[in-house]
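User: Could you take a close look at the aromatic cluster in this model and explain how it sits within the rest of the fold? I would like one connected account rather than a list.

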Amino acid sequence: MAATPIKVVSADSHMTEPADLWTERLDQKFHDRAPRIIRSENRGTFIFVAPDIPAFPVAGGFAAGRSGEELREFI
């Protein structure tokens with residue numbers, strides 16, 4: 001009997017929603033309360049903001065698929 005090849009499934013892969021998920025895809029009646037990603041003017045980083053949640057930086061979480069040159073500008 002031939003050995004069955006082992007397949008590895010990563011259950012710890014990191015996935016991030018698109019940055020415009022809530023502003024572009026959420027029903028308009030919820031738009032004023034939609035979470036959003038903004039660029040911090042004083043720090044130049046991206047911040048996640050939403051009602052009733054303390055704002056926090058998202059660092060390079062939305063950098064997937066960008067080239068090294070794009071990342072320098074993005075992050």
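Analyst: What follows starts with the fold as a whole, moves to the aromatic cluster, and then turns to the residues around it.

The model is a predicted one, and its local features are reported only where pLDDT is at least 70. The protein chain holds 2 helices and 3 strands, which follow one another from the N terminus in the order α-β-β-β-α. Of its 75 residues, 19% count as buried. Among the contacts in the protein chain with a separation of 6 or more, 19% join residues that lie 24 or more positions apart.

The strands form an open sheet of 3 strands in the order β1-β2-β3, with antiparallel pairing. Its edges are β1 (36-39) and β3 (53-57), each of which pairs on one side only, and the twist from one strand to the next averages 25°. Between β2 and β3 the antiparallel pairing runs over 3 bridges, and Ile 47 stands opposite Pro 57 in β3.

Against that background, the aromatic cluster consists of Trp 22, Phe 48 and Phe 56. A search of the whole structure finds 2 aromatic pairs. For Trp 22 and Phe 48, the ring centres are 5.6 Å apart and the planes stand at 75°, so this pair is edge-to-face. The pair links distant parts of the chain, since Trp 22 belongs to helix α1 (residues 21-25) while Phe 48 belongs to strand β2, 26 residues apart.

How exposed or buried are the two phenylalanines of the cluster? Phe 48 has a relative accessible area of 13% and is therefore buried, the cut-off being under 20%. Phe 56, by contrast, is partly exposed, because its relative accessible area of 38% falls between the limits of 20% and 50%. Phe 56 has its place in strand β3, and, leaving aside neighbours within four places in sequence, Phe 56 is in contact with Phe 46, Ile 47 and Phe 48. The C-alpha atoms of Phe 56 and Ile 37, which are 19 residues apart along the chain, are separated by 9.8 Å.

Two members of the cluster, Trp 22 and Phe 48, also belong to the largest nonpolar core, a set of 7 residues that further includes Ala 34, Ile 37, Phe 46, Ala 50 and Val 58. Strand β2 (residues 46-50) gives the largest share of this core, with 3 residues. In soluble globular proteins, nonpolar side chains tend to be buried together. Val 58, another residue of the core, is in contact with Ile 37, Phe 46, Ile 47 and Phe 48 once its neighbours within four places in sequence are set aside.

Helix α1 (residues 21-25), which carries Trp 22, leads on to a polar feature. A search of the whole structure finds 1 salt bridge, in which the side chains of Arg 25 and Asp 20 meet at 3.8 Å, N to O. Arg 25 counts as exposed because its relative accessibility is 55%, where the cut-off is over 50%, whereas Asp 20, at 30%, counts as partly exposed.

Taken together, the cluster joins Trp 22, Phe 48 and Phe 56, with Trp 22 in helix α1 and Phe 48 in strand β2, and Phe 56 in strand β3.

Definitions and conventions:
Residues numbered from 1 in each chain as written. Predicted model: local features only at pLDDT ≥ 70, side-chain atom pairs only at ≥ 80, totals over all residues. Heavy atoms only, no water. Core = buried A, V, L, I, M, F, W, Y, C linked by side-chain atoms within 4.5 Å. Buried < 20%, exposed > 50% of the residue type's maximum accessible area, 1.4 Å probe, protein only. Helix = DSSP H or I, 4+ residues; strand = E, 2+ residues; numbered from the N terminus. Contact = heavy atoms within 4.5 Å. Salt bridge = Lys/Arg side-chain N within 4 Å of Asp/Glu carboxyl O. Pairing = 2+ DSSP bridges. Axes fitted to C-alpha atoms, helices over the stretch in contact; angles between N-to-C directions. Phe/Tyr/Trp six-rings, centres within 6.5 Å; stacked < 30°, edge-to-face > 60°.
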